[in-house]
There are 2 protein chains.
Amino acid sequence: MNDQVYTISSVERDTGLSKDVLRVWERRYGFPAPQRDVHGERIYPADQVERLRLIKRLMDQGHRPGKLMTTPSEALAQLRPRRLARKAEVPADRPVEELETLLDLIRRHDGPAYQQALSQRLARHGLPSFVQDILAPLSHQVGVAWESGRFAVHEEHFFTELTLRMLRQVIASLPPCPEGPRILLTTLPDEKHVLGLLMAESLLTLDGAHCIALGTETPLSDIARAAEIHHVEVVALSFSVAFPARQIPALLRQLRQALPACVELWAGGEGVAHLSRPADGVEILATLADAREALHALVEKRRCAPLAAP
Amino acid sequence: MNDQVYTISSVERDTGLSKDVLRVWERRYGFPAPQRDVHGERIYPADQVERLRLIKRLMDQGHRPGKLMTTPSEALAQLRPRRLARKAEVPADRPVEELETLLDLIRRHDGPAYQQALSQRLARHGLPSFVQDILAPLSHQVGVAWESGRFAVHEEHFFTELTLRMLRQVIASLPPCPEGPRILLTTLPDEKHVLGLLMAESLLTLDGAHCIALGTETPLSDIARAAEIHHVEVVALSFSVAFPARQIPALLRQLRQALPACVELWAGGEGVAHLSRPADGVEILATLADAREALHALVEKRRCAPLAAP
DNA sequence: ACCCCTATCTGTCCTGGACAAAAACAAGAT
DNA sequence: ATCTTGTTTTTGTCCAGGACAGATAGGGGT
């Protein structure tokens with residue numbers, strides 16, 4: 001049935017490996033080894049694409065391509081994540097049990113039950129604890145499950161979509177704070193994950209901020225323009241673990257430069273939590289609690305120096 | 001202030017023009033004409049990137065690159081859209097007036113007022129008319145405004161985010177139909193626009209379907225797997241005008257092949273409305289009304305032949 | 001007006017070379 | 001043991017310039 005074949009551009013799309021990488025791997029390691037069509041163009045059979053996907057996943061977990069290429073497929077499936085030791089894994093005293101219940105509902109693809117379970121927990125814990133102690137670790141767990149191949153892409157999408165809806169619902173029901181500090185929330189291009197941003201938005205709104213959400217993947221220059229037009233005091237970005245960490249410092253520096261000095265720049269999410277060198281003029285918020293704290297500090301500061309001359 | 005410079009990969013990201021295209025244009029037309037860094041790599045100054053953005057926009061409107069390259073920048077700004085004549089431009093009897101009001105609120109970046117205006121119109125017209133006669137033409141207009149450069153990216157994001165939230169709100173408030181036909185909704189990779197899909201979801205849910213939403217950019221193979229797991233009867237995709245039309249037939253054929261024959265495949269959105277050759281086994285739904293009709297046809301068919309053996 | 005044919009235009013793919021940033025490794029110091 | 005520092009290997013990205021197929025425009029005939 002599945003003798004589907006792929007062109008190099010569809011492989012690029014499906015695996016996230018650039019054409020350059022696909023060609024240079026072929027040259028260096030002898031894999032992938034696509035056939036050629038009448039025109040000499042590469043034709044990748046489905047099983048090689050599958051193997052490439054697997055290799056990509058393992059690389060994201062810290063493995064090196066050179067080793068992976070020479071490893072037989074059966075052995076690849078056995079490999080475990082090989083991360084740089086995370087020092088501050090969440091203590092996870094209470095959650096584990098509770099998280100499993102929720103994860104199970106996702107695994108069973110039972111949307112309605114999952115949504116109901118979320119509402120129940122929201123009512124029980126209250127918003128701050130619900131977001132910080134349930135949703136945040138939950139989405140972390142989903143990330144872990146996805147990394148280790150226990151979750152497929154569509155299951156992650158399913159989870160994201162349902163969670164997102166319930167969060168949006170919650171945010172809409174919060175009283176608006178037109179007078180609070182104005183915060184612009186978005187992500188940079190190539191960062192599609194919006195869940196972290198929405199969690200932050202719900203907490204910040206609850207704590208009295210006036211949030212302006214632009215969704216995901218706003219170009220740098222547009223963030224700067226929007227910050228000006230909306231008269232925000234803060235631009236808050238979110239980076240997931242999946243975002244290429246190397247690029248973050250340069251991007252933040254670039255944005256910082258494009259932004260008026262009076263506008264604060266906050267960067268949060270798992271992607272920045274373990275960042276080595278801190279950037280000048282950028283607030284790194286490793287956790288949601290840090291974000292709330294930053295907001296309180298801002299409010300405090302504003303109270304002391306109410307109005308700067310324009 | 002803005003003597004920012006760009007590498008070829010950041011230009012690719014910011015303009016959507018591939019590295020190959022940027023290099024071949026330089027070779028053929030002499031533009032862009034980037035400087036080189038110490039290592040011989042291309043360095044694009046900000047003004048050239050700006051011009052590239054403009055050229056890209058004009059190309060999307062039907063202009064040809066060869067002409068554009070030799071046109072001075074001042075003349076470029078004057079060019080009007082040069083589309084293949086759209087036959088069926090929306091009649092636009094009532095809306096124009098009403099749409100302008102909404103567009104104006106976006107232009108003024110007044111989120112709260114815009115949301116309120118939407119709610120008001122929803123209450124007045126009822127959901128079906130609200131979505132089909134207000135939201136659909138409105139988002140079309142936003143697309144037009146964006147094409148002609150009257151809307152910036154961040155304004156489009158702002159509009160999308162607000163509209164999306166209100167639609168999600170509406171959908172959540174509809175009674176679920178666990179017994180209705182199960183429909184999987186998503187978009188293909190590279191299609192980030194989700195608004196059309198959400199409009200469809202709201203109408204289909206209202207008409208008794210049980211919708212399973214996966215958000216945007218689900219890989220083909222995951223759509224197939226998800227369709228199976230969720231036992232859906234229909235997979236519905238949405239294509240915006242921005243989606244590269246050439247690829248659509250091949251993609252639909254590929255997905256059709258990966259899907260069980262008993263699962264229907266629907267494709268809707270402005271991107272497929274003007275598609276030339278119809279694909280085998282794929283339902284092309286040019287408008288939201290067509291989508292509703294397709295659902296009714298499905299329900300009818302199901303009533304006649306209630307249960308196929310599994 | 002329409003259709004068909006030809007010439008031009010244009011994006012994508014190819015090869016094979018080069019190099020710097022990152023990672024791994026090795027050696028020595030605290 | 002743990003932390004610096006220097007060296008080697010690995011690996012992604014960039015470059016040049018050639019080739020070609022599919023799209024588009026232009027022209028001529030019906």
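1. A:His125 belongs to helix α7 of chain A, a helix that covers residues 111-125, and the model in which this placement is read is a predicted one. A:His125 counts as partly exposed because 15 C-beta neighbours lie inside 10 Å, whereas a buried residue would need 20 or more and an exposed one 12 or fewer.

2. When the neighbours within four places in sequence are set aside, the contacts of A:His125 are with A:Phe130, A:Asp133 and A:Ile134. A:Thr287 stands 162 residues away from A:His125 along the chain, and the C-alpha atoms of these two residues are separated by 19 Å.

3. Turning to the nucleic acid, DNA strand D is surrounded by 18 residues, of which the closest are A:Arg64, A:Gly66, B:Ser9, B:Glu41 and B:Arg42. Two or more residues of the surface near this strand come from each of α2 (19-29) and α4 (65-69) in chain A, and from each of α1 (8-15) and α2 (19-29) in chain B. The element that gives the most is α2(A), with 3 residues, and by class the surface near DNA strand D holds 8 charged, 6 polar and 4 nonpolar residues.

4. Around DNA strand C there are 18 residues, and those that come nearest are A:Ser9, A:Glu41, A:Arg42, B:Arg64 and B:Gly66. At least two residues each are supplied to the surface near DNA strand C by α1 (8-15) and α2 of chain A, and by α2 and α4 (65-69) of chain B. Here the largest share, 3 residues, comes from α2(B), while the surface near DNA strand C divides into 8 charged, 6 polar and 4 nonpolar residues.

Terms used
Residues numbered from 1 in each chain as written. Chains lettered and ligands numbered in written order. Predicted model: local features only at pLDDT ≥ 70, side-chain atom pairs only at ≥ 80, totals over all residues. Helix = DSSP H or I, 4+ residues; strand = E, 2+ residues; numbered from the N terminus. Contact = placed C-beta atoms within 7 Å. Near = placed C-beta within 6 Å. Nonpolar A, V, L, I, M, F, W, Y, C, P; charged D, E, K, R; others polar.
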